[in-house]
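Colleague: Could you take me through one part of this model up close? I would like to hear how the strands pair in it, and what the aromatic rings do elsewhere.

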Amino acid sequence: MSTPGAYIRLARIGWVLVREGVVSAVPTEHLPPFARFAQKAAGLLARRRVPGEERSDRLSRAVARLGPSYVKIGQFLATRPDVVGAEFAADLSLLQDRMATFPQNEAKAAIQGSLGRTVDDLYAEFSEPMAAASIAQVHPAIVMRDSGREKVAVKVIRPGVRQRFASDIEAMYLVSHMQERFLPYTRRLKPVEVTKTLEQTTKIEMDLRLEAAALSELGENTKDDSGFRVPKVDWERTGRDVVTMEWIDGVKMSDIEGLKAAGHDLNLLAEVLIQSFLRHTLRDGFFHADMHQGNLFVDDAGHIVAVDMGIVGRLGKKERRFLAEILFGFITRDYQRVADVHFEAGYVPSHHDAASFAQAIRAIGEPIHGQPAETISMAKLLTLLFEVTELFDMQTRPELVMLQKTMVVVEGVARTLNPRFNMWKASEPVVGKWIRDNLGPKRIVTDLRDGLHAALRLAEAAPEIAARTEKFSSEIMAMSENGLRFDAETAHAIGKAEAKHTRSGRIALWLIAATLVYIAWQVT
């Protein structure tokens with residue numbers, strides 16, 4: 001339930017976005033008439049544009065005024081072009097998660113509060129922060145091992161960030177509920193569910209134990225892979241508010257000249273990056289979902305090292321099979337199969353015509369077959385696919401959208417290393433192996449084995465299911481004979497909740513009115 005504070009925060013957000021000219025730059029397509037009128041009015045209140053200023057600059061300035069939580073919200077929405085549109089997603093992806101550092105004594109207090117030991121007990125040296133983001137900052141430190149001194153990276157949560165985010169997410173919920181109510185065509189995108197996903201992923205990101213667990217899991221998955229690794233976690237010095245990990249000495253993948261000077265093969269790095277990402281996605285169903293250049297290093301041995309695993313993605317067997325069959329269908333020009341996969345997976349409602357959907361898929365696939373392989377973008381292919389599925393009422397699949405967005409980022413990094421990089425040739429060994437193992441005869445054996453395990457679990461649960469069914473049947477019979485009744489406590493609780501909701505709504509309306517009067521007075 002939205003509190004009066006959420007309405008006040010929403011009014012402030014709206015004013016900042018109007019003042020910085022963000023609202024007037026929103027595409028007018030699909031907007032109802034009253035929203036178009038409001039957008040034109042917003043343009044009159046916006047600051048005068050600086051010559052040469054881009055929309056992304058105005059958006060960055062607005063987010064900076066709103067605070068650190070909104071940087072994280074903006075970065076999350078950049079992964080959802082289906083919700084905010086491709087143009088705004090591109091602008092949001094440029095948001096820099098670089099904030100002012102907080103005092104070292106606050107970092108030490110957070111470490112002691114999380115681990116129950118002082119910084120002097122845990123580290124031989126603990127240096128000033130070298131970088132700070134919206135959620136945490138990183139300190140270089142030294143720990144003593146049996147083998148001697150070892151340099152580590154210590155990531156510490158920003159004080160008060162959880163409380164600020166909890167307040168800001170309430171305003172996001174208010175926006176998403178209003179969006180579903182007043183813009184019915186956006187319900188397909190499930191804005192409230194998107195906000196829930198944002199809340200959940202950010203809560204996970206703010207518990208550094210979970211980031212450490214993600215690093216550990218990806219490390220185990222890739223321990224036998226060549227050319228890719230993640231930092232090792234020091235679990236003794238890791239808690240909810242702090243994670244200590246291996247220090248990475250290497251060249252950032254954004255530093256092309258530095259990579260060349262270090263003698264690294266850029267084409268090989270691009271190939272390893274793409275193959276590693278696809279291997280994590282298809283083989284493991286678990287991938288780093290924030291693999292931009294700032295989170296990727298190349299160490300002295302030529303290995304790609306991925307850091308900052310606050311955001312991860314998972315794909316189940318169905319989603320992995322869906323992805324592989326789509327890629328295979330486009331490669332073999334079997335568009336009917338691509339269409340059938342969508343229907344079999346339940347992504348496209350069954351009342352649509354499969355032949356018509358296959359025709360739409362053909363419109364995407366045919367143009368790419370006349371192009372050189374190095375110019376075909378796998379990420380662009382998936383983007384176009386999701387645009388077409390919108391015409392056939394495909395419900396938003398957050399895990400697939402995150403996959404598509406991550407693929408766009410990873411492919412972009414590979415293209416910066418080698419603009420004419422052949423994505424399909426590099427991908428074939430991984431995709432081809434997965435298809436042979438999972439879409440051929442081996443698939444039947446795997447499905448039979450999984451089906452047998454499921455049947456055994458169902459048999460074990462049968463007595464409990466039978467008991468619950470009998471109890472439920474008795475309750476239904478009693479309800480049919482006596483009607484649905486509430487006890488006195490339930491009835492009292494319902495009445496109290498309704499009264500509170502009505503009172504909160506009235507208070508909120510008065511607060512909004514007061515805020516608007518204040519804004520109008522400030523403008524005049």
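Modeller: Happy to! Two strands pair if DSSP finds at least two bridges between them. With that in hand, and remembering that this is a predicted model, let us start at strand E3, residues 136–145.

E3 and strand E4 (residues 148–157) are antiparallel partners, paired over 10 bridges. The link between E3 and E4 is a hairpin of two residues. For a point of reference along this pairing, look at Gln 137, whose bridge partner in E4 is Val 156.

Gln 137 also takes us to another neighbour, since in E3 it is the bridge partner of Ala 132. The strand in question is E2 (residues 131–132), which runs antiparallel to E3 and is joined to it by two bridges. Here too there is a hairpin, and three residues carry the chain from E2 to E3.

Strand E1 (residues 125–126) joins E3 as well: two bridges connect them, and the two strands run antiparallel. In this pairing, Phe 126 stands opposite Ala 141 of E3.

How covered is E3 itself? Mostly: of its 10 residues, seven are buried. As a reminder when you turn the view, side chains in a regular strand alternate between the two faces of the sheet.

Now for the rings. A good place to begin is Lys 151, whose charged end sits over the ring of Trp 247, at 4.1 Å from the ring centre.

Next come the ring-to-ring contacts. An aromatic pair is described by how far apart the centres are and by the angle of the planes. The cut-off for counting one is centres within 6.5 Å, and by this rule there are three aromatic pairs. One of them is formed by Phe 277 and Phe 287, which meet edge-to-face, with 5.7 Å from centre to centre and 80 degrees between the planes. Phe 277 belongs to helix H13 (residues 266–284) and Phe 287 to strand E9 (residues 286–288), so this pair ties together parts that are 10 residues apart in sequence. Both Phe 277 and Phe 287 are buried.

Phe 343 and Phe 357 make another pair. Planes over 60 degrees apart count as edge-to-face; the planes of Phe 343 and Phe 357 are at 85 degrees, with centres 5.9 Å apart, so this pair is edge-to-face. Phe 343 lies in helix H15 (residues 335–344) and Phe 357 in helix H16 (residues 354–368), so the pair ties together parts 14 residues apart in sequence. Phe 343 is buried, as is Phe 357.

Conventions
Residues are numbered from 1 along each chain as its sequence is written. This is a predicted model: local features need pLDDT of at least 70, side-chain atom pairs count only at pLDDT 80 or more; totals for chains, interfaces and linings use all residues. Side-chain values use heavy atoms; hydrogens and water are left out. Rings of Phe, Tyr and Trp (its six-membered ring) pair if their centres lie within 6.5 Å; planes under 30 degrees apart count as stacked, over 60 as edge-to-face and the rest as tilted. Helices (H or I, at least four residues) and strands (E, at least two) are DSSP runs, numbered from the N terminus. Buried means under 20% relative accessible area, exposed over 50%, partly exposed in between (1.4 Å probe, protein chains only). A charge sits over a ring if NZ of Lys or CZ of Arg is within 6 Å of the ring centre and within 35 degrees of the ring normal.
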